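Visitor: I'm new to looking at protein structures. Could you walk me through how to read a few features?

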Amino acid sequence: MEPMTYLTNVASQVNVTADGTVSRTLLQGDGVNLVLFSFDAGQELSEHTAAVPVLLQALDGQLDVTVDGHTVTLVPGDVVHLAARAPHSVVALQPSRLLLTMITAARG
């Protein structure tokens, strides 16, 4: 495994497509996976869970994240931490990109 991975201009790695949601895995590293999502306005990820803790970070646009009936609106620079297996959903209020950081066990 490489001692360093450098990603530049992360948000540019996926485009927002009309009436669509796109995801792309950017990194599967030691203890972390990064997945970039783009959403057109009104697109959503219905309620689901992740087996590991995650961070959700808005890169552009505006997204509602609902966890256990509580909704926060993410704007660029905002981050939400979710515990493993926390049911959550995401709705794009405008064309948006979201960086998902999955905190995995360190790989040997």
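Visitor: Let's start with one residue: is Phe 39 buried or exposed?

Guide: Keep in mind that this is a predicted model. Buried means under 20% relative accessible area. Phe 39 has 0%, so that residue is buried.

Visitor: Which residues have the most contacts inside the largest nonpolar core?

Guide: Phe 39 is one of them, along with Leu 56, Leu 63, Leu 74 and Leu 98, in a core of 16 residues. Several strands chip in: β2 (32-39), β4, β5 (63-67), β7 (79-82), β8 (88-92) and β9 each give at least two residues. There's also a second, separate core of six residues, including Leu 26, Leu 27, Leu 34 and Leu 99.

Visitor: And what does Leu 56 touch?

Guide: Leaving out residues up to four places away in sequence, its contacts include Val 65, Leu 74, Val 80, Leu 98 and Leu 100.

Visitor: How is a pair of aromatic rings described?

Guide: You give the distance of the centres and the angle of the planes. Here a search of the whole structure turns up one aromatic pair. Phe 37 and Phe 39 are stacked, 5.9 Å centre to centre with 15° between the planes. Phe 37 is buried too, at 13% relative accessible area.

Visitor: How many salt bridges does a search of the whole structure find?

Guide: Just one. Asp 60 pairs with Arg 97, and their closest N and O atoms are 2.8 Å apart. The bridge links distant parts of the chain, strand β4 (residues 54-60) and strand β9 (residues 96-103), with the two residues 37 apart.

Visitor: Which accessibility class does each partner fall in?

Guide: Asp 60 is partly exposed at 21% relative accessibility, whereas Arg 97 counts as buried at 17%.

Methods
Residues are numbered from 1 along each chain as its sequence is written. This is a predicted model: local features need pLDDT of at least 70, side-chain atom pairs count only at pLDDT 80 or more; totals for chains, interfaces and linings use all residues. Side-chain values use heavy atoms; hydrogens and water are left out. A salt bridge is a side-chain nitrogen of Lys or Arg within 4 Å of a carboxyl oxygen of Asp or Glu. Helices (H or I, at least four residues) and strands (E, at least two) are DSSP runs, numbered from the N terminus. Buried means under 20% relative accessible area, exposed over 50%, partly exposed in between (1.4 Å probe, protein chains only). A nonpolar core is a set of buried Ala, Val, Leu, Ile, Met, Phe, Trp, Tyr and Cys residues joined through side-chain atoms within 4.5 Å. Contact means heavy atoms within 4.5 Å. Rings of Phe, Tyr and Trp (its six-membered ring) pair if their centres lie within 6.5 Å; planes under 30 degrees apart count as stacked, over 60 as edge-to-face and the rest as tilted.
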